[in-house]
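Hi,

Here is the structure I said I would pass on. Have a look at it first, and then read my notes underneath.

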Amino acid sequence: MNYPDQSYLDGDILMYRASFWADENGVDDLEIERRLVKDISAWTPKDTKPVICFSCSRTSNYRRALFPEYKAHRDDTYQPDSLPLTKELILSNYYCLQKDNIEADDLLGIAATSGAAVAVTIDKDLRCTYGWHWNPDKEFLPTHVTTEEADRHFFTQWLTGDSTDNLKGIPRVGPKKAEALLNDVHPDYWEEAVCAAYERKGLTEEYCLQQARCVRILRHDEYFNEEVKLFTPSFLS
């Protein structure tokens with residue numbers, strides 16, 4: 001299979017990597033720009049045109065309105081001094097994309113699931129969206145993720161949560177327990193099985209849905225005219 005001729009790159013990671021490197025080494029603007037050219041070139045699949053994607057501000061992310069604790073533990077984390085300059089250099093030299101209420105991950109997920117682009121990032125969580133993906137740190141070529149593979153990843157994350165985003169999921173349910181639960185149920189009934197697992201732990205439906213909607217990376221049919229279509233299990237629709 002041939003992958004698309006466009007690639008969507010995770011600009012957040014590229015920007016932070018270069019900025020921390022610049023602060024540590026005390027380099028000038030030209031050296032940062034050279035680093036960015038090298039990194040972006042290395043992250044661009046052969047014969048594709050890159051689009052650099054950035055996240056909205058953390059406070060304007062639609063997930064924060066759903067679950068105020070989403071990434072709240074990161075609000076006071078250190079920001080490299082070179083960050084504004086690094087972003088400006090990327091914006092000045094590449095085609096970039098940013099929306100007011102969603103993350104770079106969402107932009108990559110929407111593009112991948114629409115078949116329009118290869119999603120390029122080192123973040124494994126992007127594999128909860130189907131389509132073409134590439135981790136340039138670990139893979140030689142882009143790889144295609146099926147819908148079932150993507151759904152399994154999403155349901156696993158829904159069960160376990162994501163500590164890096166301050167999402168707890170079901171307490172004491174890790175990847176092994178999540179895998180066992182999903183293996184015992186036909187994929188057509190994963191939604192019911194996950195919701196039932198939350199209920200057995202005495203967790204509310206509201207909390208269950210908050211976790212799902214925050215951990216889910218948007219797909220192409222879940223974002224229209226800059227409005228998010230929130231994930232809702234089909235049996236609850």
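Below is what I found, going from the sheet to a helix and then to one residue in that helix.

One thing to keep in mind: this is a predicted model.

Let's start with the sheet. It is open and has six strands, in the order β3-β2-β1-β4-β5-β6, with mixed pairing. The edges are taken by β3 (96–98) and β6 (143–145); each has a single partner strand, so one side of each has no neighbour in the sheet. On average, neighbouring strands here are turned by 35 degrees against each other, ignoring direction.

Further in, strand β1 (residues 6–10) and strand β4 (residues 118–120) run parallel and are joined by three bridges. If you want a spot to click on, try serine 7, which sits opposite valine 118 in β4.

Now for the helix. Which strands does helix α2 (residues 29–43) lie across? They are β1, β2 (49–54), β4 and β5 (131–134), and the helix runs at about 125 degrees to β1.

The residue I'd zoom in on is leucine 36, which is part of helix α2. Is leucine 36 buried or exposed? Its relative accessibility is 3%, and the cut-off for buried is under 20%, so leucine 36 counts as buried. Leaving aside residues up to four places away in sequence, leucine 36 touches Leu14, Ala18, Thr86, Leu89, Ile90 and Tyr94. Take isoleucine 90 from that list: 54 residues separate it from leucine 36 along the chain, yet their C-alpha atoms are 7.5 Å apart.

Cheers

Key:
Residues are numbered from 1 along each chain as its sequence is written. This is a predicted model: local features need pLDDT of at least 70, side-chain atom pairs count only at pLDDT 80 or more; totals for chains, interfaces and linings use all residues. Side-chain values use heavy atoms; hydrogens and water are left out. Two strands pair if DSSP finds at least two bridges between them. Helices (H or I, at least four residues) and strands (E, at least two) are DSSP runs, numbered from the N terminus. Axes are lines fitted to C-alpha atoms, for helices over the stretch in contact, and angles run from 0 to 180 degrees between N-to-C directions. Contact means heavy atoms within 4.5 Å. Buried means under 20% relative accessible area, exposed over 50%, partly exposed in between (1.4 Å probe, protein chains only).
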